[in-house]
Amino acid sequence: MRHSLKQTLTELQKQVPTQRALELTIELMVWIREQYAQEVKGKIWNLEEIRKGAFERTLEYVGYPDKDLAEHLNTIYLKHRFEDIELYPDVIPTFDVLAPHFKLGLLSNGNTYPERCGLQDRFEFVIFSQDVQVEKPNPKIFEITTQQAGCEFSQLLHVGDSLENDVAGAKNVGVPSVWLNRQGVSNNTDIQPEYEITTLAEIPGILGLYRR
């Protein structure tokens, strides 16, 4: 996301001749997007549409409102967002170990579909919040997941990097949770996962599988 925003910010600053545009930062762009997303929560579900609206709001912030330019910036952002994705090196090897033994599924509040990042045919079910119009940590999306997976809550193992959305959402419905904490940040919340890992390579061990 930040890589894509950097490319977009460069283009914005080339196109917009204002001091506020030159002073704009990626952190501020992220903040504007989050504020806009909160405003349209429950009204707009498509994340690409939300992103475009955020660019419109950003251009308003720098004193240069222009819907056509916002559309142009959104196109640049999406190009880099989905064409420049690099998988972590632990992803494919871990999937190769798990796939013969478990049904793998994708449950996401985002919009990076598997085929956009080289993971086509890797999942037996795929659920995106923008498609079902409910998002984690809402229990409803976990109910939808069990329906798609054909299992009970207790038979799921939910892996995610967000304590609030992934871990708390899973725990609220009795789904065992794994917090993927790649950077080893401190957990200063009351949300406690069943497992905490720094790499997906630890999951086979959690599930009783070991590499040979």
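This note goes through a predicted model of a protein chain, from its overall make-up to individual residues.

1. Overall make-up. The protein chain has 212 residues, of which 45% count as buried, and its secondary structure consists of 10 helices and five strands. Along the principal axes, the C-alpha atoms fill a box of roughly 60 × 35 × 35 Å. Among contacts in the chain with a separation of 6 or more, 46% are accounted for by residues 24 or more positions apart.

2. Surface and charge. About 12,000 Å² of the protein chain is exposed, and carbon and sulfur atoms supply 47% of that area. The chain carries 22 positive and 31 negative side chains, yet the centres of these two sets lie 1 Å apart.

3. The largest nonpolar core. In soluble globular proteins, nonpolar side chains tend to be buried together. In this model the largest nonpolar core has 18 residues, and those with the most contacts inside it are L5, L12, V16, F55 and L59. At least two residues of this core come from each of α1 (2-15), α3 (26-39), α4 (47-61) and α5 (67-83), with α5 giving the largest share, six residues. Once neighbours within four places in sequence are left aside, V16 is in contact with A21, L59, V62, Y64 and L69.

4. A separate core. Apart from the core just described lies another one, of 17 residues, which includes L98, L106, L119 and V178.

5. Backbone geometry worth checking. Most residues other than glycine have a negative phi, and most peptide bonds are trans. Against that background, a reviewer may wish to look at the peptide bond between K136 and P137, which is cis with an omega of about 15°; P137 belongs to the loop between α7 (129-132) and α8 (139-149). The loop between α7 and α8 also holds Q133, a residue that is not a glycine but has a positive phi of about 55°. A further case is D121, again not a glycine, with a positive phi of about 70°. D121 is located in the loop between β1 (105-108) and β2 (125-128), and it counts as exposed because its relative accessible area is 79%, above the 50% cut-off.

6. Helix α8 and its ends. At the start of α8, a side-chain oxygen of N138 comes to within 2.8 Å of the backbone nitrogen of K140, while just after the helix G150 takes a positive phi of about 70°. The buried residues in α8 are I141, F142, I144, T145, T146 and A149. Which elements do the buried residues of α8 pack against? Their partners are β1, β2, α7, β3 and α9.

7. V173 and the α8 region. V173 is found in the loop between α9 (163-171) and β4 (177-180). Is V173 buried or exposed? With a relative accessible area of 15%, V173 falls under the 20% cut-off and therefore counts as buried. Beyond its neighbours within four places in sequence, V173 is in contact with P139, F142 and F153. The C-alpha atoms of V173 and P137 are separated by 9.7 Å, although the two residues are 36 residues apart along the chain.

8. S162 before α9. S162 sits in the loop between β3 (158-160) and α9, and is buried at a relative accessible area of 15%. The side chain of S162 reaches the backbone nitrogen of N165 at 3.0 Å. Leaving aside neighbours within four places in sequence, S162 is also in contact with V167 and W179.

9. D90, a buried acidic residue. What is the place of D90 in the chain? D90 lies in the loop between α5 and α6 (91-98). Its relative accessibility is 10%, so D90 counts as buried by the 20% cut-off. The side chain of D90 makes two polar contacts to be noted here: one, of 3.0 Å, joins it to the side chain of R182, and the other, of 2.8 Å, is with the side chain of T199. Not counting residues up to four places away in sequence, D90 touches R182, T199, L200 and A201.

How values were computed
Residues are numbered from 1 along each chain as its sequence is written. This is a predicted model: local features need pLDDT of at least 70, side-chain atom pairs count only at pLDDT 80 or more; totals for chains, interfaces and linings use all residues. Side-chain values use heavy atoms; hydrogens and water are left out. Helices (H or I, at least four residues) and strands (E, at least two) are DSSP runs, numbered from the N terminus. Buried means under 20% relative accessible area, exposed over 50%, partly exposed in between (1.4 Å probe, protein chains only). Contact means heavy atoms within 4.5 Å. Accessible areas come from the Shrake-Rupley method with a 1.4 Å probe; for residues, only the protein chains shown count as cover. Lys and Arg count as positive and Asp and Glu as negative; His and the chain ends are not counted. The place of a charge is taken as NZ of Lys, CZ of Arg, CG of Asp or CD of Glu. A nonpolar core is a set of buried Ala, Val, Leu, Ile, Met, Phe, Trp, Tyr and Cys residues joined through side-chain atoms within 4.5 Å. A polar contact is a pair of N or O atoms within 3.5 Å; within protein, one must be able to donate a hydrogen and the other to accept it, and residues adjacent in sequence count only if both atoms are side-chain atoms.
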